[in-house]
Amino acid sequence: MCSRDPHLQVSHGVPREITHRHTLLMRVSLFLFPLLLFVALSFSSFTVVRSDSPPDSIALTSLRTYLQLDTSQPRPHYRRAITFLRRLCRDAGIPHFEQFQFVRGRLGCVCTLPGRNRSLASVVLNSHIDVVPVEAAAWTVAPPFSAAVVNGSVYARGSQDMKTQGIQYVEALRRTLQAQPSPYLRTVHVLFVPDEEIGGKAGMGQVVQSTLWRDRLRPGVLIDECLPDERDGVYKLCYGERQPWWTVIRTRGAPGHGGTLPRDTAIQRIHAVMARISAFREAQREAVETGAQALGDVVGVNFVHIGSHGTDGAMNIIPGNAELRLDIRVPPHLNESAMYTLLEQWMGGPCHFHSSVAGRCLNGTFDIEFPHKVIAPYRESLDADAPGPYRALRTAAARQSARLDPIIFPMSTDSRYVRHRGIPAFGLTALDGVRSGPLLHQHNENVPLDAFERGIRLFQAVIDQLANDAEWRASVDTAPEDSSTATAHAEL
Ligand SMILES: [Zn+2]
């Protein structure tokens, strides 16, 4: 069900109505004047459209309908979402729609507005359709797929991460197309991908290897997600992301009777490693808490599991093995060998990494395994003097009297697949003044409607700058087209 909020309809529709009434006022007889004056005064509080006015009913209805579709992992209703998105794009006046499926059941789609110069590389506006699962009982304000509007914010899973952005793209295009039928030099694609929340292998990981990407999307830049900002008029811009290294450390020691005191038990060895990691982690945490460094710029490390096996939980046996699991996040300025050096410091001695996913330390005392390790040391250029997407984005923000705050995304997202192809990818979450701070993956995730509306206008400016920037066209599109694309694909 997608009901409309009557308050929002009123505040949007009134200014035109008032203007009309003012015209009438001049024509009517003196007899009707007091009555009409009363009517006009009763609406007078709506005569000024504030800059933080809420979205119109079309934008809000689209947003709520999309949020009400349960696309949570592990079983997202992709088919329903695609049906909705097809209609959304058509109603916005975007002429082309294509659905894709590279892995069975993992559906995505792309809406395309052709540019006036089809030889130019395109602008791709990306968002993921899926959302993370919910613990429904913990949603205390409104149910997670109600998209209820409470105190000016819409509550739903996916409202910050990142269905709102998908709607903002389409809404920005819809409004621009109402004024101009063919507004852009470059072709603009609105891309909706599946499975970002589970690593993107069946989604963006497939898209970038497809003929769809190479022959039809032909991107010059991709816009993706970042984080909302608490400040007014400030938008976070992600120009790189940390690389997850999920790490398992294992060690052995002699099993023993719980009534003895043997040296170097397995758990003590792991504990020594944990103590060094804890000291390092504490220093990073302090640097972030004091504002000396941003979260995305430091090595993040968290203990996610410690245990041993084989003793069946017996309390009088010293286990002969121990295992520690870490979630490490490596900033892009740190390369693989620098990270290996840091690991050796944590382990307390030299390690030999015999493959990209495994190693041994201190002559075999410890084994290290990386069940998931991303190497994506990419950072986009932040040279505002050079023609390029960054300058276009800055100009767009300035047009909205806003500014960008470039950060390294502390988490990870689909942009890495795109950067790996050599295509610039910027994460831009067009949500400013979000006082709650980022609520991605949290209970009661919500988006203030005034921030949603400002973000639509920001994206109107962003798309206009990216898709019409002539100077940027020269710098990006001089690369040989088909041959260079084919080489880049072969490298993966
Ligand atoms: Zn996301």
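Two strands count as paired if DSSP finds at least two bridges between them. Helices (H or I, at least four residues) and strands (E, at least two) are DSSP runs, numbered from the N terminus. What you have open is a predicted model, where local features need pLDDT of at least 70, side-chain atom pairs count only at pLDDT 80 or more, and totals for chains, interfaces and linings use all residues. Residue numbers start from 1 along each chain as its sequence is written.

**Stop one: the sheet**

Select strand E5 (residues 153–155) and E19: three bridges join them, and they run antiparallel. Click Ser153 and you'll find its bridge partner in E19, Pro448. Now add E4 for the whole open sheet, ordered E4-E5-E19 with antiparallel pairing. Strands E4 (148–150) and E19 (446–448) are the edges; each has a single partner strand, so one side of each is left without a neighbour in the sheet.

**Stop two: helix H9**

Jump to residues 336–347. At 1.5 Å a residue, the twelve residues of H9 should span 16 Å, and its end C-alpha atoms are 16 Å apart, which agrees; the expected span is 1.5 Å times one less than the number of residues.

Which residues of H9 are buried? Color Leu343, Trp346 and Met347. Buried means 20 or more other C-beta atoms within 10 Å of a residue's own, exposed means 12 or fewer, and partly exposed is in between, with C-beta atoms placed from the backbone. Flip to the other side of H9 for the exposed Ser337, Ala338, Thr341 and Gln345.

Last click: Gly348, just after H9, takes a positive phi of about 85°.
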